[in-house]
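Me: Please take a close look at a single part of this model. Begin with that part and then work outward from it.

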Amino acid sequence: MLNRLKRTNSYFITTSLVADDKTKQLCKRIQPGQIALLCHEDVDEVAAVSLLEARVGAVINTAPFMTGSYPATGARRLLDAGIPLYEVAESVPHRLMQLPDHTPVTIKGHQLYIQADEPIVIPLRFITASTIEQKSQEAYTRLDQTLSQFIDNTLMYAHLEKDLFLKPLARLRLPVNMANRHVVVVVRGKHYREDLHMLSSYIKEYRPVLIAVDGGADALLEKGYQPDVIIGDMDSVTDRALRCGAEVVVHAYPDGRAPGRERVERLGVPFQILPAPGTSEDVAMLLAYEEQAELIVTIGTHTNMIDFLEKGRKGMASTLLVRTKIGPKLIDAKGVSQLYQPRVSWSSWALFASAAIVPIVAILAVNPITRHAAYMIWKQWKMLTF
C-alpha cells in the first residue's frame, strides 16, 4: 500500500522495496507502487521508461542519477512523470542491495526506514528539477571533452579489433533463409516500440525476416509479430519470448565464453552459440549481411555517443566497423516515429463528412415519407420566396 503526502521537497511513503544492481532485472520483478532501489549511474531514458511502465512509487539510487559527464535524460523523464527521486546520502551498507523483495520500508522526510530483523535508517538526498538542470548544464559544458575522449577510444579499439571483423562469422544452421530478402533487426533502444509501430505497413507488405536482439523479441511479440531469430546475451529477454519458437542464438565472446548459455540451458530451449566481437546488435547486423540479406533495416539501435555512454561503453569501435562493412545495405529506422506524425487535413475531414452524408441522403431519397416531407418543405419555401 502506497501512502504519499507531498510537502516542501519531502514525501511520506509507506510501501515495500525491490533492490537490484541491474535496473532491467528489477523492472521485471517490481510491482506498481513499490520503491525501486537501484545502483545505476547516469540513468538513461530506456531505463526510465521501464521504471515508468512498471509504475514504481519512488526511485532510490545508490549512485548519482546524473554525474555531469554527459547529458543523461532518465532522471528528467522520471521527474516529469511525478516520480519522487532520492540518492543515498552516505556510504551504502553492504547488505542494502541484498534486501529481499517486498521488504517493508518508509520514506519520511529525507530518511529511509527499513523494517528488517534489525531496523535500518538510511539518510537520503531529495533530487529536484533544479538539481538535474544544474547537472545538465555541467554536462553540456564538458561535452566537447567527452566527445574527444569517445572518438579517441573508438579509433584506438577500431584499429585493434579490425582484423576480427574482417573474418566471417561462424556458420550457423538457421531455419530461415535470409538471402535476397529484407531483414529487420529490432533492438531495445529509444522509441523502439513507436518505430516498430510506424513500420507495421512495411512489415505486413514485405514480410521481412525478423531478428530480435534480446528484449527486442518482447517488443515484436507485443505487436503480434513472431521473431524468426533471437540473438544476444539473454539478459533482458523474457522466458516467454525465448520459448516462442524463434531460433535462439547466444552471443559469446570471441574466446567462447557465453554468459547467456546457462539461462537458456535452464529453460530447456534449443540454441546455437555464436562467438563474435562487438555488441549483440552488431552481430545481428553482421549475421544478416553474411546470410546475403538484400536490405537490413534497424530499429532501436545505438548509433551515437550518448547512446553508447548510456550503455556504459566509452566508444563504438565495433559499430563503426560493422556499419562500414555493411555499407548501403543498411537502413536505420531509429527515430522514424519522431520524424513525422500524420495529421488529418481539412480535405480529409471534408471527405469523411461527405462519406457520412451520402448514405443518409440515399436513405431519405428512397423513403416515401421523407420524400413527401421534403416536397412539402420545398413547396412552403417556394411560396414564401415568391
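Reply: Start at helix α11, residues 280–290, which is mostly covered: 10 of its 11 residues are buried. The model is predicted; local features need pLDDT of at least 70, side-chain atom pairs count only at pLDDT 80 or more, and totals for chains, interfaces and linings use all residues. Residues are numbered from 1 along each chain as its sequence is written, and side-chain values use heavy atoms, with hydrogens and water left out. Buried means under 20% relative accessible area, exposed means over 50%, and partly exposed lies in between (1.4 Å probe, protein chains only). Helices are DSSP runs of H or I with at least four residues, strands are runs of E with at least two, and both are numbered from the N terminus.

The buried set in α11 is S280, E281, D282, V283, A284, M285, L286, L287, A288 and E290. Acidic side chains are part of it: E281, D282 and E290 are buried. After the helix comes Q292, with a positive phi near 70°.

Now look at the space beside this helix. The whole structure holds 1 cavity of 30 Å³ or more. On a 1 Å grid over the protein atoms alone, a cavity is a set of points where a 1.4 Å probe fits but cannot get out; a pocket is an open set with protein on both sides within 12 Å along at least five of seven lines, and lining residues have an atom within 4 Å of a point. Points are joined across faces, edges and corners, and a volume is the space filled by probe spheres set on them. The largest cavity has about 40 Å³ of space. L287, E290 and E291 are among its lining residues. L169, A170, R171 and L172 also line this cavity. By class, the lining has 4 nonpolar residues, no polar ones and 3 charged ones. Here Ala, Val, Leu, Ile, Met, Phe, Trp, Tyr, Cys and Pro are nonpolar, Asp, Glu, Lys and Arg are charged, and the others, Gly among them, are polar.

Two of those lining residues, R171 and E291, also form a salt bridge, with the closest N and O atoms 3.8 Å apart. The pair links distant parts of the chain, 120 residues apart: R171 is in the loop between α5 and β9 (182–187), and E291 is in the loop between α11 and β14 (295–299). A salt bridge is a side-chain nitrogen of Lys or Arg within 4 Å of a carboxyl oxygen of Asp or Glu. The two partners differ in cover. R171 is exposed at 61% relative accessibility, whereas E291 is buried at 14%.

This bridge belongs to a wider set. By the same rule, the count is 16 salt bridges. One of them joins E133 and R76, with the closest N and O atoms 3.3 Å apart. E133 is in helix α4 (residues 129–141) and R76 is in helix α3 (residues 74–80), so this pair ties together parts 57 residues apart in sequence. E133 is partly exposed at 34%. R76 is also partly exposed, with a relative accessible area of 34%. R257 and D255 meet at 2.8 Å, N to O, and D255 is exposed at 52%. D20, R29 and D101 form a network of salt bridges.

Next, the second largest pocket. About 560 Å³ of space lies in it. Its lining has 23 residues, with S50, E53, R188, Y192 and R193 nearest the centre. The elements that give two or more residues are α1 (23–29), α2 (45–53), α6 (192–198) and α8 (216–222). Helix α2 gives the most, with 5 residues. The lining divides into 6 nonpolar, 6 polar and 11 charged residues.

K24 sits in helix α1. K24 is partly exposed, at 31% relative accessible area. Its C-alpha lies 6.6 Å from that of S236, although the two are 212 residues apart in sequence.

One strand residue completes the tour. A212 is in strand β10 (residues 209–213). A212 is buried, at 0% relative accessible area. The C-alpha atoms of A212 and V229 are 6.2 Å apart, with their positions 17 residues apart in sequence.
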